[in-house]
Amino acid sequence: MKNTNAASLFALFCTSVMAILVATDVPVQAVEEFKVGDDLGWIQPDANHTSLYSQWAARNRFHVGDSLSFEYKNDSVLVVNKYEYYHCNTSKPIAAFNNGKSVVRLDRPGPFYFISGVPDHCKNGQRLFIDVMSLHPISPSPPSIAFPPALDEGSSPSPSPSSGVPVSVTLGSVFMAVTSTFVTFLCSAA
């Protein structure tokens, strides 16, 4: 009798949580940790590559929840405001790191500014500006496809559009599938 009551209470709890999650329809978005500078890490660029970090940032898309991993030797990372970034001012950092491997979590949308704490490294290109995007809900409907105007009958047919179906995974749908499987298992075991 105890197992039946416990299973019923658990099923009620899971159903309640599932209903809340489905109602809020929170999208699941994987967070990423980006290694700043890829294989080079956080270094002072040579004179011919002063745009190293701006090019690196342009190749990536950063979202709230992601993090940046700075790997360096005999250097430091300063989180600064816009003025300090453009003037390479190391005297008023928001945060400072000097342990050789620093991870900064991107906890809000908007601009983030980083510079080296070593004199002249920032002026020589060791600085990074990124713009963090907020999480966007995943659209459940496919984008519309525009077809070109019909050509005369003698032309070859146009390729047909992809029949792929976009898939949207939400925390609620994952939880619902796991919970229903578990509850079915409990009920069949009782």
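# A guided tour from strand β3 to the disulfide

Begin by selecting β3 and β6, which run antiparallel and are joined by five bridges. The model on display is a predicted one. To find the register of this pair, select Glu71, whose bridge partner in β6 is Lys101.

Next, colour the side chains of β6, residues 101-105, by the face to which they point. Ser102 and Val104 point to one face and are buried, whereas Lys101, Val103 and Arg105 point to the other face and are not buried.

Return to β3 and select Leu68. Beyond its neighbours within four places in sequence, Leu68 is in contact with Phe34, Val36, Trp56, Phe62, Ser102, Val103, Val104, Leu106, Phe114, Leu128 and Ile130. Ser102, Val103 and Val104, which appear among these contacts, belong to the strand β6 just visited.

Leu68 also leads into the interior. Which residues have the most contacts inside the largest nonpolar core? They are Trp42, Phe62, Leu68, Phe70, Phe114, Leu128 and Ile130, in a core of 20 residues. The elements that contribute two or more residues to this core are α2 (52-58), β3, β4, β7 (110-116) and β8 (127-133). Of these, α2 gives the most, with four residues. Another core lies apart from this one and has seven residues, including Leu78, Tyr85, Cys88 and Tyr113.

Now display the open sheet of five strands, in the order β2-β8-β7-β4-β5, with mixed pairing. Its edge strands are β2 (62-63) and β5, each of which pairs on one side only. At the β5 edge, select β4 together with β5: the two pair in the antiparallel sense over three bridges. Within this pair, Leu78 stands opposite Ala96 in β5. Leu78 has already appeared as a member of the seven-residue core.

Before leaving β4, select Asn74 in the loop between β3 (67-71) and β4 (77-80). Most residues other than glycine have a negative phi. Asn74, although not a glycine, has a positive phi of about 50°. Is Asn74 buried or exposed? With a relative accessibility of 79%, Asn74 counts as exposed.

A second positive phi is found at Cys88, again about 50° and again in a residue that is not a glycine. Select Cys88 in the loop between α3 (82-87) and β5 (95-97). Cys88 has a relative accessible area of 15% and is therefore buried, the cut-off being under 20%. Cys88 is also one of the residues of the seven-residue core.

Finally, show the sulfur atoms. How many disulfides does the structure hold? There is one, formed by Cys88 and Cys122, with their sulfur atoms 2.2 Å apart. The link is left-handed, with -70° about the S-S bond. Because Cys88 lies in the loop between α3 and β5 and Cys122 in the loop between β7 and β8, the pair ties together parts that are 34 residues apart in sequence. Cys122 is likewise buried, with a relative accessible area of 3%.

Note on methods. Residues are numbered from 1 along each chain as its sequence is written. This is a predicted model: local features need pLDDT of at least 70, side-chain atom pairs count only at pLDDT 80 or more; totals for chains, interfaces and linings use all residues. Side-chain values use heavy atoms; hydrogens and water are left out. Buried means under 20% relative accessible area, exposed over 50%, partly exposed in between (1.4 Å probe, protein chains only). Two strands pair if DSSP finds at least two bridges between them. A nonpolar core is a set of buried Ala, Val, Leu, Ile, Met, Phe, Trp, Tyr and Cys residues joined through side-chain atoms within 4.5 Å. Contact means heavy atoms within 4.5 Å. A disulfide is a pair of cysteine sulfur atoms within 2.5 Å.
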